[in-house]
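Work through the exercises below with the sequence and the model open. Each task is followed by a solution in steps.

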Amino acid sequence: MKFLALSALLLAASASAKAPKHHELDESYDFATYVKDFSKSYAPEEYARREALFQANLKDIMQHNQLLGRTYHKGVNHFTDFAEEEGHFGYAKGATSSWANVRTLTHDELPFEVEPASALPASVDWREKGVVTAVKDQGGCGSCWAFAASAVLESHIAIETGTLFNLAPQEFVSCMPNPEKCGGTGGCAGATVDLAFDYAMKNGGIVQEYQMGYTSYYGEDGDCTIHPDENFLKSADGPDPDGITGGVANIEDYVKLPTNDYLALLNAVAKTGPVAVSVAASPWKSYESGIFQGSFDDDSLDVNHAVTLVGYGTDEKTGMDYWLVRNSWKPTWAEAGYIRLLRVDPDELNDPNDICGTDSKPQDGTACEGQTANITVCGTSAIHFDNVIPVGGHLLV
């Protein structure tokens with residue numbers, strides 16, 4: 001999934017003051033205050049360009065928040081002076097979805113029974129079970145796929161074993177090859193969750209965060225400092241001879257859910273744990289709170305980001321059903337690092353295709369090199385489209 005290397009911006013914005021929330025915003029909030037609130041710094045020639053972007057984005061935020069019937073609020077954050085094409089994603093151009101190369105299973109083949117929605121809990125939140133770690137920040141690296149993969153592994157291993165690790169996305173970024181260029185060319189230039197799971201299974205699991213801390217925040221892949229199978233390394237020079245020699249936990253397999261299957265996704269998160277999902281996240285940048293509703297035009301359905309579905313529920317105030325999604329854009333973004341997406345059961349619609357559209361740029365998403373045909377994606381932000389869960393989490397220590 002695509003991410004522009006914005007090292008200078010991120011270096012400046014690595015810390016932020018308490019910025020105003022949507023109900024505190026008005027036209028008096030200026031760029032100089034914003035720069036101070038988010039600890040940013042620009043050269044004079046860049047300052048003017050960023051100020052113009054800020055003013056345009058602030059206008060959009062204010063207009064949205066004045067709409068009657070809105071279901072979510074927009075707000076200022078570290079993206080407010082970004083251009084439309086800038087953002088923290090992680091699938092890159094030049095790729096096509098790995099889902100095209102991996103056989104998805106039918107309902108009968110899945111490792112859980114697919115039951116009607118009425119047979120499932122009314123709400124699920126895996127954070128309440130103590131099997132979800134704190135929200136992290138991928139920074140200026142297109143490593144959403146690595147953060148989603150490690151977050152889902154953490155939770156499933158904890159559910160299976162009772163041990164919650166803080167696993168190292170850096171291992172995937174620095175060590176995992178991507179020869180078919182799925183989701184990008186690897187590292188900070190993008191890859192997929194499927195490849196990360198493959199890597200873990202073939203290379204002795206994954207190490208902990210404190211063993212291989214995140215060094216790619218400013219856009220560099222970093223060196224591989226562990227001892228996986230030399231045939232599976234990105235570097236032709238082989239592993240660091242003084243590196244770490246093994247992971248702390250692993251999985252036996254992973255399962256690709258049926259494409260664009262609402263009921264399979266609902267059952268998966270209810271019965272097995274968090275799910276790695278691919279989404280069209282560009283419209284999320286100014287989201288602050290509430291139930292996000294996306295449109296289904298082609299420009300809004302460019303799948304370009306990997307995140308973690310940790311549950312679902314119904315909003316008490318509005319009665320709207322939602323998906324609960326963990327992002328990797330820092331815990332100060334949106335609802336403590338999470339976003340709630342409108343959840344619609346297609347079986348309750350007169351036309352189930354009302355919540356589907358076309359991703360006309362699959363090369364921005366999970367695809368592998370050479371796969372460029374348009375694809376149908378369904379659900380808010382295409383959340384029904386491409387989903388994967390690990391199977392058989394176990395300890396290695």
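## Exercise 1: Two positive phi values

Ser 381 has a relative accessibility of 4% and therefore counts as buried. The model is a predicted one.

Task: state where Ser 381 lies and what its phi is.

Solution.
- Step 1. Find the flanking elements: Ser 381 is in the loop between strand S11 (375-378) and strand S12 (387-391).
- Step 2. Read the backbone angle: phi of Ser 381 is near 55°, a positive value in a residue other than glycine.

Task: decide whether Ala 334 is buried or exposed, and locate it.

Solution.
- Step 1. Ala 334 sits in the loop between strand S8 (321-326) and strand S9 (338-342).
- Step 2. The cut-off for buried is under 20% relative accessible area. Ala 334 has 16% relative accessibility, so it counts as buried.
- Step 3. Phi of Ala 334 is near 55°, which is positive although the residue is not glycine.

## Exercise 2: Helix H7

Task: determine how many of the residues of helix H7 (residues 262-271) are buried, and what covers them.

Solution.
- Step 1. Count: eight of the 10 residues of H7 are buried, so the helix is largely enclosed by the rest of the structure.
- Step 2. Name the buried residues: Tyr 262, Ala 264, Leu 265, Leu 266, Asn 267, Ala 268, Val 269 and Ala 270.
- Step 3. Look at the cover, which includes strand S2 (124-125), strand S5 (275-279), strand S7 (305-314), S8 and S12.
- Step 4. Inspect the ends. At the N-terminal end, Asp 261 caps H7, with a side-chain oxygen 3.3 Å from the backbone nitrogen of Leu 263. After the helix comes Gly 273, whose phi is positive, near 135°.

Task: carry out the burial count for helix H6 (193-202).

Solution.
- Step 1. Eight of the 10 residues of H6 are buried, so this helix too is largely enclosed by the rest of the structure.
- Step 2. Those buried in H6 include Val 193, Leu 195, Phe 197 and Tyr 199.
- Step 3. H6 is followed by Gly 204, with a positive phi near 75°.
- Step 4. Continue to Gln 208, in the loop between H6 and strand S3 (249-250). Gln 208 is buried, at a relative accessible area of 15%. Beyond its neighbours within four places in sequence, Gln 208 contacts Phe 165, Asn 166, Leu 167, Ala 168 and Val 248.

## Exercise 3: Val 325 in strand S8

Task: describe the surroundings of Val 325.

Solution.
- Step 1. Val 325 lies in strand S8, and at 0% relative accessibility it counts as buried.
- Step 2. List contacts, leaving aside neighbours within four places in sequence; among them are Trp 284, Val 307, Leu 309, Tyr 338, Ile 339 and Ile 383.
- Step 3. Take Ile 383: Val 325 and Ile 383 are 58 residues apart in sequence and 9.9 Å apart in space, C-alpha to C-alpha.

## Exercise 4: Salt bridges

The structure holds 13 salt bridges.

Task: for the pair Lys 74 and Asp 60, give the distance and the accessibility of each partner.

Solution.
- Step 1. The side chains of Lys 74 and Asp 60 meet at 2.8 Å, N to O.
- Step 2. Lys 74 is in strand S1 and Asp 60 in helix H3 (residues 44-65), so the pair ties together parts that are 14 residues apart in sequence.
- Step 3. Lys 74 is buried at 11% relative accessibility, whereas Asp 60 is partly exposed at 37%.

Task: find which part of the chain Glu 115 links to helix H7.

Solution.
- Step 1. Glu 115 and Lys 271 form a salt bridge through their side chains (2.7 Å, N to O).
- Step 2. Glu 115 is in the loop between S1 and S2 and Lys 271 in helix H7, 156 residues apart, so distant parts of the chain are linked.- Step 3. Glu 115 is partly exposed at 23% relative accessibility, and Lys 271 is partly exposed at 33%.

## Exercise 5: An aromatic pair

Task: describe how the rings of Tyr 72 and Tyr 287 are arranged.

Solution.
- Step 1. A search of the whole structure finds 21 aromatic pairs. In one of them, Tyr 72 and Tyr 287 are tilted, 5.9 Å centre to centre with 35° between the planes.
- Step 2. Tyr 72 is in strand S1 (residues 72-74) and Tyr 287 in strand S6 (residues 287-292), 215 residues apart.
- Step 3. Both Tyr 72 and Tyr 287 are buried.

Terms used:
Residues are numbered from 1 along each chain as its sequence is written. This is a predicted model: local features need pLDDT of at least 70, side-chain atom pairs count only at pLDDT 80 or more; totals for chains, interfaces and linings use all residues. Side-chain values use heavy atoms; hydrogens and water are left out. Rings of Phe, Tyr and Trp (its six-membered ring) pair if their centres lie within 6.5 Å; planes under 30 degrees apart count as stacked, over 60 as edge-to-face and the rest as tilted. Helices (H or I, at least four residues) and strands (E, at least two) are DSSP runs, numbered from the N terminus. Buried means under 20% relative accessible area, exposed over 50%, partly exposed in between (1.4 Å probe, protein chains only). Contact means heavy atoms within 4.5 Å. A polar contact is a pair of N or O atoms within 3.5 Å; within protein, one must be able to donate a hydrogen and the other to accept it, and residues adjacent in sequence count only if both atoms are side-chain atoms. A salt bridge is a side-chain nitrogen of Lys or Arg within 4 Å of a carboxyl oxygen of Asp or Glu.
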